[in-house]
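Open the model in a viewer with the sequence panel visible. The tour below goes from one selection to the next and says what is at each stop.

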Amino acid sequence: MEAQGTSEWWSEETVAVVTGGNRGIGLEVCRQLAEKGLTVIMTARRPQEELSASAQQFLQEAAQLGRKKVIFHTLDITQRQSVMNFVDWLKLHVGFIDILVNNAAVLNADWKFLEQNNVDMRTFLDYTQVHPPCLNRILEKQESAKDCIETNFYGTKRVTKALLPLLRPSSYKPRIVNVSSVYGLLLQFLRDDELRKQLSDTEGLTEQKIDEVLDTFLEDLKSKQAMEKWPLKVPSYTVSKIALNAYTRLLALELGDKACVNSATPGYVMTDMTFGTGDLSPAEGAANLVCVALLPAGGLSGHNFLEGKDAKF
Ligand SMILES: NC(=O)c1ccc[n+]([C@@H]2O[C@H](COP(=O)([O-])OP(=O)(O)OC[C@H]3O[C@@H](n4cnc5c(N)ncnc54)[C@H](OP(=O)(O)O)[C@@H]3O)[C@@H](O)[C@H]2O)c1
């Protein structure tokens with residue numbers, strides 16, 4: 001099934017929050033939701049005056065077009081206080097939200113090392129190609145691995161939990177879109193049956209189990225041998241997105257028919273994260289997320305969309 005909405009259930013009263021709107025796909029998601037007439041709360045980890053030129057331009061153009069419904073607020077998803085400030089501001093000035101697009105993320109890798117060794121980014125990111133483990137291992141440092149897991153998984157979960165009470169009940173249901181990756185496929189990249197079983201078990205999965213898996217991963221990073229069960233390529237990014245996909249399913253089950261919670265992968269997109277390599281423009285990648293955010297009323301929940309198409313986890 002494709003995530004193409006037929007009836008426009010949204011209006012300018014529909015409020016969408018987007019994280020990581022400063023550049024790349026997040027900025028384009030903000031632009032497309034605004035063009036479709038929704039109220040967009042664009043967030044980024046830096047204050048408005050420090051936003052990228054493209055983000056500044058977007059906000060200026062929205063103001064010139066009289067789109068009073070594009071609003072900026074700072075939100076660093078890794079900072080508890082920043083999340084609390086955002087929630088307080090939302091409660092006071094907006095009151096509720098209908099859509100949350102959890103887009104903000106980092107891909108930690110020693111890109112300088114890759115450049116210095118003339119490693120082609122497209123080849124490196126191609127998950128169908130295997131590189132010597134030494135190449136992959138050298139790219140993962142404990143601190144940056146922690147940062148990656150903290151941002152992509154715990155930061156996303158923190159924002160989601162903080163905003164759950166603000167999801168407005170409605171007949172078309174509020175939506176949470178967790179921006180994921182092909183690397184987040186639950187069964188493909190973990191090289192250990194038990195881990196795969198734990199994370200793809202919808203019945204027995206708990207938040208605590210996901211956390212334990214992540215703790216074990218960070219511990220195992222210290223040992224070459226222990227890393228044999230974890231993904232070969234960009235392991236912490238991959239593990240963070242696998243954990244996020246597992247959380248999507250868990251949260252969808254928990255919320256039942258109160259909300260649609262889905263993972264969505266934009267495709268391989270030309271942004272800073274991919275060093276400008278990719279098959280899709282940021283606008284095309286964003287469209288693959290926007291269609292999931294705007295699924296028809298009463299749409300699917302607990303699903304994984306790859307480039308706009310309903311796919312397996
Ligand atoms: N590009 C691809 O091919 C691709 C493929 C699959 C999935 N994805 C996913 O798509 C999403 C967007 O990726 P992208 O390619 O647009 O990446 P990007 O160009 O690197 O942009 C990432 C955005 O996330 C923001 N961010 C990072 N940490 C943050 C934090 N703690 N709080 C708030 N914002 C934070 C960054 O803020 P600053 O601008 O302030 O640094 C930046 O605006 C990510 O979830 C990524 O994993 C991308």
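Start at F275, which is partly exposed, with a relative accessible area of 38%; buried means under 20% relative accessible area, exposed over 50%, and partly exposed in between, with a 1.4 Å probe and protein chains only. F275 is not a glycine, yet its phi is positive, about 55°. The residue lies in the loop between β6 and α11; helices (H or I, at least four residues) and strands (E, at least two) are DSSP runs, numbered from the N terminus.

Before moving on, note that this is a predicted model, in which local features need pLDDT of at least 70 and side-chain atom pairs count only at pLDDT 80 or more, while totals for chains, interfaces and linings use all residues. Residues are numbered from 1 along each chain as its sequence is written, and side-chain values use heavy atoms, with hydrogens and water left out.

Next, select K173, in the loop between α7 and β5 (175-179). K173 also has a positive phi, about 65°, without being a glycine. Its relative accessibility is 18%, so K173 counts as buried.

Now turn to the salt bridges, each a side-chain nitrogen of Lys or Arg within 4 Å of a carboxyl oxygen of Asp or Glu. The whole structure has 11 of them.

Select D272 and R23: their closest N and O atoms are 2.8 Å apart, and the two form a salt bridge. This pair joins distant parts of the chain, 249 residues apart, with D272 in the loop between β6 (260-265) and α11 (282-293) and R23 in the loop between β1 (15-18) and α1 (24-35). R23 has a relative accessible area of 42% and is therefore partly exposed.

Go on to K161 and E207, a salt bridge with its closest N and O atoms 2.9 Å apart. Here too distant parts of the chain are linked: K161 is in helix α7 (residues 142-163) and E207 in helix α9 (residues 207-220), 46 residues apart. K161, at 38% relative accessibility, counts as partly exposed. Add K157 and D211 to the selection; together with K161 and E207 they are linked in a network of salt bridges.

For a pair within one helix, select R196 and D193, whose salt bridge has its closest N and O atoms 2.2 Å apart. Both lie in helix α8 (residues 193-200), three residues apart, or about one turn of the helix. D193 counts as exposed, at 57% relative accessibility.

The last stop is the ligand. Which residues come nearest to the ligand? Of the 29 around it (those with a heavy atom within 4 Å), the nearest are R23, R45, Y237, V269 and T271. R23 is the residue already seen in the salt bridge with D272.

Show three distances to ligand oxygen atoms. A polar side-chain atom of R45 is 2.7 Å from one ligand oxygen. For R46, an N or O atom of the side chain lies 2.9 Å from an oxygen of the ligand. At N103 the polar atom belongs to the backbone, 2.7 Å from a ligand oxygen. The ligand has 900 Å² of accessible area on its own, and the protein covers 96% of that; the areas come from the Shrake-Rupley method with a 1.4 Å probe.

Finally, colour α1 and α10 (235-255), the elements that give two or more residues to the shell around the ligand.

Key. Polar contact = N/O pair within 3.5 Å; in protein donor to acceptor, adjacent residues only side chain to side chain.
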